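Please open the structure in the viewer and keep the selection tool at hand. Each stop of this tour names what to select and then describes what is there.

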Amino acid sequence: MSGNYVINIGRQLGSGGKEIGEKLAARLGINFYDKELINLASEESGLCKEFFEKAVIRHLAAERSCVFVGRCADYILREHPRCANVFISASKEDRIARLCSMHHIDAEAAEEMMEKADKRRSEYYNYYSYKTWGAAATYHLCIDSSSLGIEETVRFIEEFVVKKLQLV
């Protein structure tokens, strides 16, 4: 684990957090993990999803440098010596526009989807981590992807991570 580092990304639905995480991992040449990949492994194991997520996340972080999106990874890896915890938000308008485009739905459906997902994420995170989802004090960096756009947000986070974790 000596040289390994992890970047944990929390995000609002529609903020581009998953895309940002994927691009950041690609730029840094490290692995990317999100709910889908972890759930797939959990289903194949037959173990309780919550237990399995913790075990997998800890195992992966000990084995290699990686980016995790969601799954309370920042809390699970709170003892990891080299991690950066980032929360990505975006303006309501940008989030709705992104969801409309991605899911081919109208603004009303996108707003409803956004509210339900954020409520679910908040409840999940607050329950499992005993912290507050989206609260600045919970993360090393909070950023609004609407301000810079996806590509520049990726670059900004990369620069922050390189400095914070002294990767150069």
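The tour moves from the whole chain to its strands, then to a pocket and to three individual residues.

**Before selecting anything**

The model is predicted, so local features need pLDDT of at least 70 and side-chain atom pairs count only at pLDDT 80 or more, whereas totals for chains, interfaces and linings use all residues. Residues are numbered from 1 along each chain as its sequence is written, and side-chain values use heavy atoms, with hydrogens and water left out.

**The whole chain**

Select the protein chain and display its secondary structure: there are seven helices and five strands. Helices (H or I, at least four residues) and strands (E, at least two) are DSSP runs, numbered from the N terminus. Along the sequence their order is β-α-β-α-α-β-α-β-α-α-β-α. Of the 168 residues, 46% count as buried; buried means under 20% relative accessible area, exposed over 50%, and partly exposed in between, with a 1.4 Å probe and protein chains only.

**The strands**

Select strand 3, residues 66-69. On one side lie Cys-66 and Phe-68, on the other Val-67 and Val-69, and all of them are buried. Now add strand 1 (6-11), which runs parallel to strand 3 and is joined to it by four bridges; two strands pair if DSSP finds at least two bridges between them. Val-6 stands opposite Cys-66. Strand 2 (residues 31-33) is also parallel to strand 3, with three bridges, and here Phe-32 faces Val-67.

Next, select strand 5, residues 141-144. Which of its side chains are buried? Leu-141 and Ile-143 point to one face and are buried, while Cys-142 and Asp-144 point to the other face and are not. Strand 4 (residues 83-89) pairs with strand 5 in the parallel sense over four bridges, and Ile-88 stands opposite Ile-143.

**The largest pocket**

Select Arg-11, Gly-70, Arg-71, Arg-121 and Tyr-124. The largest pocket has a volume of about 430 Å³, and these five are the closest to its centre among the 22 residues that line it. A pocket is an open set of points on a 1 Å grid over the protein atoms alone, where a 1.4 Å probe fits, with protein on both sides within 12 Å along at least five of seven lines; lining residues have an atom within 4 Å of a point. The volume is the space filled by probe spheres set on the points, which are joined across faces, edges and corners. Helix 6 gives the most to the lining, with five residues.

**Three residues in loops**

Select Ser-15, in the loop between strand 1 and helix 1 (17-28). Ser-15 counts as buried because its relative accessibility is 1%. A polar atom of its side chain lies 2.7 Å from the backbone oxygen of Gln-12. Apart from residues up to four places away in sequence, Ser-15 touches several others, including Ile-88, Arg-95 and Ser-145; contact means heavy atoms within 4.5 Å.

Move to Cys-72, in the loop between strand 3 and helix 4. Although Cys-72 is not a glycine, its phi is positive, at about 60°. Is Cys-72 buried or exposed? Cys-72 is buried, because its relative accessible area is 5%.

Finish at Tyr-130, in the loop between helix 6 and strand 5. Tyr-130 also has a positive phi, near 60°, and is a residue other than glycine. Tyr-130 counts as exposed because its relative accessibility is 68%.

Key: Polar contact = N/O pair within 3.5 Å; in protein donor to acceptor, adjacent residues only side chain to side chain.
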